[in-house]
Amino acid sequence: MRLLQRMAVIVSTGALAAGLAVAPASATDDATIPVSGGVTSVTVNPAVTKALLNNKILPYATDAKTSLVWTKQGPTVRYGFPITGDSFVTAGGSPLTISGGEIAHTGGVRFVNLRNFKALKVSDFDIRLGEGLLCATKVNNQPAEVPVFKVIPTSLEPRLTSDGFAVLSGVRLELTKAAADALNGSLNTTVFTAGLPFGTATVRADI
């Protein structure tokens with residue numbers, strides 16, 4: 001709701017400046033909009049879930065909601081990572097388009113190799129929209145800076161809900177080479193590859 005009020009002010013101000021003729025917004029009209037909460041849900045690609053389990057790799061969420069879901073491609077898991085209040089997006093235009101921002105989260109995923117009980121935990125994810133990356137700011141609970149996924153949205157025009165949320169859905173997550181190398185090295189496996197289509201995300205941000 002705060003965003004809708006702000007955009008109304010921007011549009012009305014622009015209309016007055018243009019003699020009540022509203023011109024399309026430019027990049028210079030973008031505003032930094034705080035995000036006070038929300039959740040990012042990640043649905044793991046069913047083929048990836050099957051491949052990991054077949055190789056005795058168990059990925060499970062920590063400090064995040066986990067649910068089993070059934071898709072046309074088979075069963076898989078969905079994680080829900082809470083969005084923290086130090087997040088923001090940069091957006092403007094009509095229709096509203098997101099041009100950047102950072103969306104921080106609590107929670108993470110711990111990968112365990114059941115064959116040798118080696119493990120790696122990545123957590124406290126930042127979605128960096130301007131860079132097209134999802135980075136882990138903690139690895140095994142220690143401060144870090146690891147790009148885990150490439151973030152590939154189908155659209156940067158969010159759906160705005162009546163209760164003040166901006167929703168980006170169908171965001172593809174592809175594993176980076178840095179993350180694949182770290183997982184393979186830590187778990188003593190070769191199952192992870194750069195570009196692996198890990199899953200899709202839906203970002204529901206309270207703006």
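## A buried phenylalanine pair

Phenylalanine 149 and phenylalanine 198 are both buried in this model, which is a predicted one. Their ring centres lie 5.0 Å apart and their planes meet at 40 degrees, so the pair is classed as tilted, given that the tilted class takes the planes that are neither under 30 degrees nor over 60 degrees apart. Phenylalanine 149 belongs to strand E11 (residues 142–152) and phenylalanine 198 to strand E14 (residues 197–206), so the pair ties together parts of the chain that are 49 residues apart in sequence.

These two residues also take part in one aromatic cluster, which is formed by Phe111, Phe149, Phe192 and Phe198.

## Further aromatic contacts

With ring centres required to lie within 6.5 Å, the count of aromatic pairs comes to five. One of the five is formed by phenylalanine 81 and phenylalanine 125, whose rings are arranged edge-to-face, 5.4 Å centre to centre and with 85 degrees between the planes. Phenylalanine 81 lies in strand E5 (residues 74–82) while phenylalanine 125 lies in strand E9, so this pair ties together parts that are 44 residues apart in sequence. Phenylalanine 81 and phenylalanine 125 are buried as well.

An aromatic ring also takes part in an arrangement with a charged group: the charged end of arginine 204 sits over the ring of phenylalanine 165, at 3.9 Å from the centre of that ring.

## Surroundings of valine 42

Valine 42 is a residue of strand E2 (residues 37–44). Its relative accessible area is 6%, and valine 42 is therefore buried, the limit for that class being under 20%.

Leaving aside residues up to four places away in sequence, valine 42 touches Val77, Arg78, Tyr79, Phe81, Leu173, Thr200 and Ala201. Among these, Phe81 is the residue that pairs edge-to-face with phenylalanine 125, and arginine 78, although 36 residues from valine 42 along the chain, has its C-alpha atom 5.4 Å from the C-alpha atom of valine 42.

## A nonpolar patch on the surface

At the surface, Leu53, Leu58, Tyr60, Leu114 and Phe117 make a nonpolar patch of about 480 Å². One of its members, phenylalanine 117, is placed in the loop between strand E8 (108–113) and strand E9 (118–128). Phenylalanine 117 has a relative accessibility of 65% and therefore counts as exposed, since that class begins over 50%. Phenylalanine 125, in strand E9, is by contrast buried.

Note on methods
Residues are numbered from 1 along each chain as its sequence is written. This is a predicted model: local features need pLDDT of at least 70, side-chain atom pairs count only at pLDDT 80 or more; totals for chains, interfaces and linings use all residues. Side-chain values use heavy atoms; hydrogens and water are left out. Patches are made of residues with over 30% relative accessible area and no salt bridge: like charges are joined within 9 Å, nonpolar side chains (Val, Leu, Ile, Met, Phe, Trp, Tyr) within 5 Å. Accessible areas come from the Shrake-Rupley method with a 1.4 Å probe; for residues, only the protein chains shown count as cover. A salt bridge is a side-chain nitrogen of Lys or Arg within 4 Å of a carboxyl oxygen of Asp or Glu. Helices (H or I, at least four residues) and strands (E, at least two) are DSSP runs, numbered from the N terminus. Buried means under 20% relative accessible area, exposed over 50%, partly exposed in between (1.4 Å probe, protein chains only). Rings of Phe, Tyr and Trp (its six-membered ring) pair if their centres lie within 6.5 Å; planes under 30 degrees apart count as stacked, over 60 as edge-to-face and the rest as tilted. A charge sits over a ring if NZ of Lys or CZ of Arg is within 6 Å of the ring centre and within 35 degrees of the ring normal. Contact means heavy atoms within 4.5 Å.
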